[in-house]
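Notebook open. Today I'm going through one sheet and then a few odd backbone spots.

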Amino acid sequence: MPNLALPSERVDQTYVSVAAMAAGHFFLPDAEVFEDARINSTPGGIRVPSFAFLIQHPTQGRLIFDLGLRKQGRGYPPALKEGLEFCSIECDEDIVDRLRTGGLSPDQINSVIYSHLHFDHVGDLTPFQHAILVMSADAKPLVADAACHPATTTIQAISDDQRVRYITFDGLVDENTLGMPKSTLISPLGDFDRALDLFSDGSLYIIDTPGHMPGHISALARVAKDAFVLLAGDCCHNRQCYDPTSTSSGAVRIISRDNYDDWELSNLTVAKLTKMSMRNLIVILAHEAERETDMPMFPLTLNDWAMDQVARKQQASEFL
């Protein structure tokens with residue numbers, strides 16, 4: 001059944017295709033994922049992917065949501081050195097290499113969307129300098145600070161030549177669209193308070209998902225009739241934090257306060273994500289390790305897989 005809580009289908013509805021790529025891997029400690037592991041000083045963790053997603057729109061071209069890790073972990077700000085060594089980055093093939101396996105080059109990408117500015121999401125932007133970089137306006141002060149303090153910043157600097165579109169969720173008209181269609185404010189979008197219909201055609205929504213880092217955003221892609229993929233970035237870092245069916249207790253595990261700029265706000269965002277996950281969509285976290293084996297990877301798209309997963313959810317229980 002159609003889910004009326006999410007934007008309904010249009011008569012001439014536009015869909016996008018989404019393809020997932022693992023742009024490197026790194027070690028993620030349990031104490032930075034789960035609050036119970038932090039409290040108990042639980043050792044260990046798991047090796048996780050840094051997902052990037054190729055989104056193809058029939059008229060707006062190709063976009064990439066996040067860029068993953070830099071090749072061989074090289075080129076990051078010096079202040080990140082100790083943290084990167086602890087994470088044991090493995091990235092023999094970065095996003096550019098992944099694209100080329102599917103016959104694409106960086107100059108065929110129209111836009112890059114950053115979920116946020118942490119090192120494992122921004123990759124190497126240099127090959128995409130002709131593309132429009134899209135990010136939340138809440139991240140703008142971090143970009144400015146990185147430019148002013150290169151010796152101490154942990155934020156990757158952005159070239160002055162890079163075209164950047166800073167989006168807002170305050171309802172004001174966004175004049176700086178850089179040739180992209182103007183976006184439409186959606187409030188609410190499902191269980192989230194604010195979102196933008198990026199192309200004003202119902203195909204791709206950028207959602208305000210605050211808490212992890214200033215400017216954190218997610219993307220909701222309409223991949224088929226009444227079927228969506230929610231690219232949730234770092235709203236949380238493990239399926240057990242948003243999906244109660246994935247835990248032995250039947251309750252979600254609370255996120256670790258060590259990994260969130262605003263822990264209380266992040267908990268509210270994750271609670272909304274949990275409710276959204278019960279709808280006609282499939283959630284994919286940026287580091288959801290299980291997804292690397294249970295979803296198709298680029299050059300295959302997620303569309304048919306997502307439709308099948310949504311149908312299975314619908315058969316199991318009614319959506320919200």
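The entries below cover the sheet, the helix lying on it, two cis bonds and two unusual phi values.

**Entry 1: the sheet.** First reminder to myself: this is a predicted model. I looked up the strand order and got S7-S8-S9-S10-S11-S12, an open sheet of six strands with mixed pairing. Background I jotted in the margin: strands of a sheet pair through backbone hydrogen bonds, either parallel or antiparallel.

**Entry 2: the edges.** Which strands stand at the edges? I find S7, residues 184-186, and S12, residues 281-285. Each has a single partner strand, so one side of each is left without a neighbour in the sheet. I also pulled the twist, which averages 25 degrees from one strand to the next.

**Entry 3: S11 against S12.** I zoomed in on the S12 edge. S11 covers residues 227-233, and five bridges join S11 to S12. The two strands run parallel. For a landmark in this pair I picked Val229, which has Ile282 of S12 standing opposite.

**Entry 4: what lies across the sheet.** I followed H8, residues 303-316, and found that this helix lies across S10 (217-224), S11 and S12. Relative to S12, H8 runs at about 120 degrees.

**Entry 5: cis bonds.** Next I went through the backbone for oddities. The norm, for reference: most residues other than glycine have a negative phi, and most peptide bonds are trans. The bond from Ser187 to Pro188 is cis, with omega near 0 degrees. Pro188 belongs to the loop between S7 and S8, the latter being residues 195-197. So far that is one cis proline in a loop that follows an edge strand of the sheet.

Another cis peptide bond joins Phe298 and Pro299, and here omega is about 15 degrees. I placed Pro299 in the loop between H7 (291-294) and H8, with H8 being the helix that lies across S10, S11 and S12.

**Entry 6: positive phi.** Gln72 came up with phi near 60 degrees, positive although the residue is not glycine. I find Gln72 in the loop between S3 (61-65) and H2 (81-87). Is Gln72 partly exposed or buried? Its relative accessibility is 40%, so I log Gln72 as partly exposed.

Leu178 also has a positive phi, near 55 degrees, and is again not a glycine. Leu178 is in the loop between S6 (163-167) and S7. With a relative accessible area of 29%, Leu178 goes down as partly exposed.

Terms used: Residues numbered from 1 in each chain as written. Predicted model: local features only at pLDDT ≥ 70, side-chain atom pairs only at ≥ 80, totals over all residues. Heavy atoms only, no water. Pairing = 2+ DSSP bridges. Helix = DSSP H or I, 4+ residues; strand = E, 2+ residues; numbered from the N terminus. Axes fitted to C-alpha atoms, helices over the stretch in contact; angles between N-to-C directions. Contact = heavy atoms within 4.5 Å. Buried < 20%, exposed > 50% of the residue type's maximum accessible area, 1.4 Å probe, protein only.
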